[in-house]
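Subject: Handing over the model

Hi,

Here is the structure I promised you. Have a look at it first, and then read on for what turned up.

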Amino acid sequence: MSIINNAHPGSQIRLLYLIDRVLNRRKKLIPIARQELIETCRPDNLPNSENAEKRFAENLKFWIEEGLWKEGEDGITATDLKGSERNLPQRTLSLCIKNHAEKDILQGSRIEPFLRTITTLLCQDQLSFQGQQQGRQSLETPADIAKAINSRLPSDLSINASNEAYTLKDWGIFFGLLEPLGKGVITDPTRAIIGVLPELFVENDTLPIRDLITALAERLPMLDGGEYRQVVEPLMEEKGWQTPSQNRVSASLSHALLRLEVGFQLILDQPSDDSRSMTLLCTDGQERFVGTVRYRGTV
């Protein structure tokens, strides 16, 4: 069942952190028996609860099935020798994308509802920080989030505000695709992009911006031009959403690239003779032409 439903297996981010932390701190990834893991994760002063134990077991099983951890005859272990609390969001998001590479995100009820709904949010310029110039819509409440999604997708793909929209927000923040702002959230994939940036500049520290966006879309298909966008955007068009120009970067991705420049990780340049440049939307509503992007590394 869907991770964006807080009553379903796999939906508990706190348990995800807790279990992953225990497994990664074991020397040489020594297996731990299931019951020992349960006892390790349950403080002595926490009363036994059948519901809590069931939820723990369901979340553990869900992420073992997804491949984040593995279980054998000797017990449960982490799967990544370099796993840490810091890279848990990146590891989990990469795994979700990899596991659903051959699946239709309009079908299924595990990771797919998150992938299609977060993509729907990222498509909408007015939900970003730059959206203040695009008639920004507030995402302060679960009802706001549900409305932003349900107004752009068919009714059979809608979500409810009571136990899905709030959890969607938490996953979006966890994965670095949403950011808190004031009382609500905005679309901002900066942190998710940081996790894959080094992979994009292995052979060259400078890329044409179109090549960079293509490479980003391959690793984060909810971004501009990505596979998820190609599935969701036609549905949104039927609901009145207008497809942006191919020469313009979406507001949320524009904001992320500009943040990375301010953070001294990227240099955005516009050569005078570059016919393959693209337009970024700035916070003041002005447009900026960018032709190449240079990676300065993590600061």
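How are H1 and H4 oriented to each other, roughly parallel or roughly perpendicular? One thing before the answer: this is a predicted model, so read everything below with that in mind.

The axes of helix H1 (residues 13–24) and H4 cross at roughly 105° and come within 12 Å. Angles of 65 to 115 degrees count as roughly perpendicular, so H1 and H4 are roughly perpendicular to each other. On the H1 side, the contact is made by Leu16, Tyr17, Asp20 and Asn24. H4 brings Leu88, Pro89, Arg91 and Thr92 to that contact. Sorted by class, the contact of H1 with H4 has 4 nonpolar, 2 polar and 2 charged residues.

H4 turns up again in the second largest pocket, which may be of interest to you. That pocket holds about 460 Å³ of space. It has 21 lining residues, and Arg86, Gln90, Arg191, Ile194 and Gly195 are the ones that lie nearest its centre. Helix H4 (88–99), helix H8 (190–194) and helix H9 (197–200) are the elements that give two or more residues to the lining. The largest share comes from H4, with 4 residues. As for chemistry, the lining of this pocket divides into 11 nonpolar, 6 polar and 4 charged residues.

There is another helix pair to look at. Helix H6 (residues 142–150) packs against helix H7 (residues 161–174) at an angle of about 90°, and their axes are 8 Å apart. That makes H6 and H7 roughly perpendicular to each other, too. H6 makes the contact through Pro142, Ala143, Ile145, Ala146 and Ile149, while H7 uses Ala161, Ala165, Tyr166, Leu168 and Lys169. What classes do the residues of the contact of H6 with H7 divide into? The split is 9 nonpolar, no polar and 1 charged.

Now the strands. An open sheet of 3 strands runs in the order S5-S9-S6, with antiparallel pairing. Its edge strands are strand S5 (206–208) and strand S6 (266–269), each of which pairs on one side only. From one strand to the next, the twist averages 20°. S6 and strand S9 (residues 292–295) share 4 bridges in the antiparallel sense, and Asp269 has Thr292 in S9 as its bridge partner. Helix H10 (residues 209–219) lies across S5 and S9, and runs at about 95° to S5.

Just before you reach S6, take a look at the backbone. The loop between helix H12 (251–262) and S6 contains Phe264. Phe264 has a positive phi of about 60°, although it is not a glycine.

Another positive phi sits in a hairpin. Strand S3 (residues 178–181) and strand S4 (residues 184–187) pair over 4 bridges in the antiparallel sense. Glu179 has Ile186 in S4 as its bridge partner. The hairpin of S3 and S4 has 2 residues between the strands, and Gly182 takes a positive phi near 60° there.

If you want a place to begin, try the pocket with Arg86, Gln90, Arg191, Ile194 and Gly195 nearest its centre, then follow H4 from its lining to the contact with H1.

Cheers

Definitions and conventions
Residues numbered from 1 in each chain as written. Predicted model: local features only at pLDDT ≥ 70, side-chain atom pairs only at ≥ 80, totals over all residues. Heavy atoms only, no water. Axes fitted to C-alpha atoms, helices over the stretch in contact; angles between N-to-C directions. Parallel < 35°, antiparallel > 145°, perpendicular 65-115°, else oblique. Contact = heavy atoms within 4.5 Å. Nonpolar A, V, L, I, M, F, W, Y, C, P; charged D, E, K, R; others polar. 1 Å grid on protein atoms, 1.4 Å probe; cavity = no way out; pocket = protein on both sides within 12 Å on 5 of 7 lines; lining within 4 Å. Points joined across faces, edges and corners; volume = space filled by probe spheres on them. Pairing = 2+ DSSP bridges.
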